[in-house]
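Thank you all for coming. I would like to walk through one structure this morning, going slowly enough that somebody who has never seen it can follow.

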Amino acid sequence: FFQLRAQNQVLKKGVVDEQANSASLKEQLKMKDQSLRRLQQEMDSLTFRNQQLAKRVELLQDELALSETRGKKSKKSGESSSQLSQEQKSVFNEDLQKKIEENERLHVLFFEADEQHKRLEAELRSRLDVLETDAAQHQAVVDSLTRKYTDTIEKLQNDKAKLEIKSQTLEREAKDCRLRTEECQQQLKNLQVALGSRLEESLCIINEKVPFNDTRSNRYNALNVPVHNRRYQLKLRDLAGQALAFVQDLVTALLNFHTYAEQRVQIFPVDSATDTISPLNQKFSQYLHENASYIRPLEEGMLHLFESITEDTVTVLETAVKLKAFVEHLSSYLCFLRKILPYQLKSLEEECESSLCTAALRARNMELHRDMKKLTAVFEKLHVYISLLALPSTKPEGLLRTNYSFVFTNIATSLHGFHDILKDISKHYSQKATLEQEVPTATQKLITTNDCILSSLVALTNGVGKIASFFSNNLDHFTASLSYGPKGGTEFISPLSAECMLQYKKKAAAYMKSLNKPCSDSVPYEEALANRRVLLSSTESREGLAQQVPQSLEKIAKLEQEKEHWMLEAQLAKIKLEKENKKLKHSLSGHLAESVQECSVLPNTAEQKEETIEKRQREPVKTTSSVDIESREALIKNHYMARIAELTYHLQLADSKSVHFHAECRALAKRLALAEKSKESLTEELKLASQNISRLQDELMTTKRSYEDQLSMMSDHLCSMNETLTKQREEIDTLKMTSK
């Protein structure tokens, strides 16, 4: 602040000096302007005088010309006058010469003065501009510094006011904290007295009633059910679902890659459609054709692992039994990769030895040769670490819990290495595909197959990159969730103990659900008596119903047979009706054709007229006979339809009766099942009554632990409050010092 003030004073002095210089320069400029005006006035007077002299010279020249003309005429008489005129002329010439010289000198002086004035004026103006810009800059700096100083002063004043308010509030809070600490100390004393008495009572009860403490032994503590962490289970299920989606994408990409690789082996370097490929490529193609049997189980194993993680279970490595199946499927796929690796390398070497392979293409093939070896090595590494994760569910002594985080970090690094290798493979294969397109013998089938392999490699690279980033992002959750287990214990002793713990957890959950069930409404006494009578009557009629069931079944079978019989008869009648209709149509069409022919042959004879009249009289008889046939068919059809409707009605009655009998039988079976369930519930109640004793003993242990935890929490709370008080006092002291 003091430095800024000193700088401000220096800048003010500089500004005052510059202002004084600018004022003096302005005065000099005014004086120069005055001298310039004076010189301009003199110049104007000289120009006026010069004009007068020029006019006078012109007049003298005119007079001289007149005198010369006169002298020629009168030479004699003008000798004396010529002498006089010559003298006058010489005088005038001398005077004129002097005036001309004086005029030239004045012109030179005026020009020099004008040039000097202009030069001086330009210098003064440029200097004035520089000084004005400097003055403006200095003024802007001064203004900015004054604003800055005013802002800093206002800010410091505001900070001072805020600090004063804060110190006052902290003093008030300190007073409140003192009062609260006194109250808390009093409450702590009361709680210590109350908890001490209750602790003595609980210790007496524990010593008398509890035979042993199972948390002291890891073997027994592993059987205790841990506190259910629903959020942890839901988070783990969500992560398992994401992992399942990633594995599905990976499986599809691997299937596409191996399938398109098989197609390429069939096409290049020798097309199997035109020529026989080498035995090596035949064997390689045969092995690649079996890829689905090794890759599909990976998706199934991950699906089973996802289904095993539910909201109700306790999911740790000791209980993740389905992980072993996934590891087995991964090991089978690794065996598949090891099996095809030498054939793949030999196939690349065979491509390098072919005549179509250029030097650049050979270099790309050798790069892919190295990448395939690295790919199999990375899969082996992943298989080793994932198989280590499956050990706690089968052989817990094979992997200690302290090494879990190390295994997870190595899996993450292996996945990132897998991603880098796939990027190299896709890069080298894209270069190889572009080089193969330039080969003159490259077919369209080869180009499309290379494009498909590149797309599958890109999908595989993206899928592995997503898996690697997913595993790295959730690595802390995986390592932190390993401490999930029984209270007071560090780990599960064995998979058998974890399985027993899960069974106990299911029983405890079922017990809690049974406690949460609302009590069923009681049945009134009169209604219960009526239901008992109905039950007794239904049990008595059970035998009768059982006898009626086979009779009704026989009737149903007979009715179905009759139904089929009448359906067949109806079909036969329909066929006969169609045949009769066809016959009638043929006969009518024949009669009409004969009448038309007769009319056309003999149209004018009377005999033909009589025959046509007779035929016309016969035709209505035939039409009436066809109408009788149709009415008879309609009657037969209606009769059969009515008979079919009657039979269906009887069949429906029989069906309804059978359904009614079946419902009564099901109701009787349900009643028997209810009676058996009530018997089982009574036996379970006896078991629960025996288990309540052990539960009460466990509750005593939990109350003792809760009291101890509460005491420790209260002591920690008091310590933290004392620390906060000391910190607040120190802050108040520092604020007072700063305010002073």
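Let me begin with the cysteines: the structure holds zero disulfides, where a disulfide is taken to be a pair of cysteine sulfur atoms within 2.5 Å. Before going further, I should say that this is a predicted model, in which local features need pLDDT of at least 70 and side-chain atom pairs count only at pLDDT 80 or more, while totals for chains, interfaces and linings use all residues. Residues are numbered from 1 along each chain as its sequence is written, and side-chain values use heavy atoms, with hydrogens and water left out.

Why does Cys-177 make no bond with the closest cysteine sulfur? The closest one belongs to Cys-184, and at 9.7 Å from the sulfur of Cys-177 it is too far for a bond. Cys-177 is also buried, with a relative accessible area of 13%; here buried means under 20% relative accessible area, exposed means over 50%, and partly exposed covers what lies in between, with a 1.4 Å probe and protein chains only. For Cys-357 the closest cysteine sulfur is that of Cys-352, at 4.8 Å, which is again too far for a bond, and Cys-357 is buried at 8% relative accessible area.

Now for the protein as a whole. Its secondary structure comes to 15 helices and zero strands, where helices (H or I, at least four residues) and strands (E, at least two) are DSSP runs numbered from the N terminus. Of the 740 residues in the protein, 26% are buried. The accessible surface comes to about 50900 Å², and carbon and sulfur atoms account for 56% of that; the areas come from the Shrake-Rupley method with a 1.4 Å probe, and for residues only the protein chains shown count as cover. If we take contacts, meaning heavy atoms within 4.5 Å, between residues at least 6 apart in sequence, then 86% of them join residues at least 24 apart.

Let me turn to the aromatic rings. Rings of Phe, Tyr and Trp (its six-membered ring) pair if their centres lie within 6.5 Å, and planes under 30 degrees apart count as stacked, over 60 as edge-to-face and the rest as tilted. By this rule the count comes to seven aromatic pairs. One of them joins Tyr-294 and Phe-336, whose ring centres are 4.9 Å apart and whose planes meet at 20°, so this pair is stacked. Because Tyr-294 lies in helix H6 (residues 292–308) and Phe-336 in helix H7 (residues 322–353), the pair ties together parts that are 42 residues apart in sequence. Phe-336 itself has 1% relative accessibility and counts as buried.

Another pair, Tyr-333 with Phe-379, is edge-to-face, with 5.4 Å from centre to centre and 70° between the planes. Since Tyr-333 is in helix H7 and Phe-379 in helix H8 (residues 359–389), this pair ties together parts 46 residues apart in sequence. Both partners are buried, Tyr-333 with a relative accessible area of 1% and Phe-379 with one of 8%. Ring pairs link Tyr-294, Tyr-333, Phe-336, Phe-379 and Phe-418 into a cluster.

A ring can also have a charge over it, which is counted if NZ of Lys or CZ of Arg is within 6 Å of the ring centre and within 35 degrees of the ring normal. Here the charged end of Arg-237 sits over the ring of Phe-306, at 4.3 Å from its centre.

Which side chain shares a polar contact with that of His-428? It is the side chain of Asp-371, at 2.6 Å, where a polar contact is a pair of N or O atoms within 3.5 Å; within protein, one must be able to donate a hydrogen and the other to accept it, and residues adjacent in sequence count only if both atoms are side-chain atoms. His-428 lies in helix H9 (residues 404–437) and is buried, with a relative accessible area of 13%. Leaving aside neighbours within four places in sequence, His-428 is in contact with Arg-364, Glu-367, Leu-368 and Asp-371.

I will finish with Ser-202, which lies in helix H2 (residues 79–209) and is buried at 8% relative accessible area. A polar atom of the Ser-202 side chain lies 2.8 Å from the backbone oxygen of Leu-199.
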